[in-house]
Amino acid sequence: MDGGKITGVSSADPGIATIPAQERFVSIEGLFMLIQDAITNDAARIEVSYDEAYGYPVDLFIDHDERMADEETSFAISSLTPR
């Protein structure tokens, strides 16, 4: 990470050589911004689970508008190593 932006993504699975759509990855700070934006904009549904030790989001689902299809946002975070 450099200046709050993700500069690289690697797979924890040795069977996966490249990560598709690396531009879709979001920093931990970015996840908190997505959650706050969903709250501010009164999203239809917000579901978040947080890491018990460090407090960062580990599962995030936002349904921005229940009347629309395919506008949901979802992230699952695993194997994060705090610095």
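In the predicted model described here, a salt bridge joins the side chains of Asp65 and Arg67, with a nitrogen-to-oxygen distance of 3.1 Å. The term salt bridge denotes a side-chain nitrogen of Lys or Arg within 4 Å of a carboxyl oxygen of Asp or Glu. Residues are numbered from 1 along each chain as its sequence is written. Because the model is predicted, local features need pLDDT of at least 70 and side-chain atom pairs count only at pLDDT 80 or more, whereas totals for chains, interfaces and linings use all residues; side-chain values use heavy atoms, with hydrogens and water left out.

The two partners of this bridge can be described by their accessibility, for which buried means under 20% relative accessible area, exposed over 50%, and partly exposed in between (1.4 Å probe, protein chains only). Asp65 has a relative accessible area of 19% and is therefore buried, whereas Arg67, at 73%, is exposed. The structure holds 2 salt bridges. In the other, the side chains of Arg45 and Glu47 meet at 2.6 Å, N to O. Arg45 is partly exposed, with a relative accessible area of 41%, and Glu47 is likewise partly exposed, at 39%.

The protein chain contains 1 helix and 3 strands, where helices (H or I, at least four residues) and strands (E, at least two) are DSSP runs, numbered from the N terminus. Along the sequence, these elements follow the pattern α-β-β-β. Of the 83 residues of the chain, 22% count as buried. The chain exposes about 6,500 Å², of which carbon and sulfur atoms supply 49%; accessible areas come from the Shrake-Rupley method with a 1.4 Å probe, and for residues only the protein chains shown count as cover. Contact means heavy atoms within 4.5 Å. Among contacts between residues at least 6 apart in sequence, 25% join residues at least 24 apart.

The largest nonpolar core has 9 residues, namely Leu31, Ile35, Ala38, Ala43, Tyr56, Val58, Leu60, Ile62 and Ile77. A nonpolar core is a set of buried Ala, Val, Leu, Ile, Met, Phe, Trp, Tyr and Cys residues joined through side-chain atoms within 4.5 Å. H1 and S2 are the elements that give two or more residues to this core. One of the core residues, Val58, lies in strand S2 and is buried, with a relative accessible area of 18%. Beyond residues up to four places away in sequence, Val58 touches Ser49, Tyr50, Asp51, Phe75, Ala76 and Ile77. Val58 and Ser79 are separated by 21 residues in sequence and by 9.9 Å in space, C-alpha to C-alpha. For Ile62, with neighbours within four places in sequence left aside, the contacts are Leu34, Ile35, Ala38, Ala43, Arg45, Glu72 and Thr73.

Asp63 is found in strand S2, which spans residues 57-63. This residue is buried yet has no salt bridge, and Arg45, the nearest side chain of opposite charge, is 5.2 Å away. In assigning charge, Lys and Arg count as positive and Asp and Glu as negative, while His and the chain ends are not counted. Outside its neighbours within four places in sequence, Asp63 is in contact with Ala43, Ala44, Arg45, Glu71 and Glu72.

The structure also holds 1 aromatic pair. The ring centres of Phe32 and Tyr50 are 6.4 Å apart and the planes are at 15 degrees, so the pair is stacked. Phe32 lies in helix H1 (residues 28-40) and Tyr50 in strand S1 (residues 45-50), so that the pair links distant parts of the chain, 18 residues apart. Under the definition applied, rings of Phe, Tyr and Trp (its six-membered ring) pair if their centres lie within 6.5 Å, and planes under 30 degrees apart count as stacked, over 60 as edge-to-face and the rest as tilted. Both rings belong to partly exposed residues, Phe32 having a relative accessible area of 35% and Tyr50 one of 41%.

Two loop residues complete the description. Asp42 is placed in the loop between H1 and S1 and is exposed, with a relative accessible area of 65%. The phi angle of Asp42 is near 55 degrees, a positive value in a residue other than glycine. Glu66 lies in the loop between S2 and strand S3 (73-76) and counts as exposed at 64% relative accessibility. Glu66 and Ala43 are 23 residues apart in sequence, with a C-alpha to C-alpha distance of 8.6 Å.
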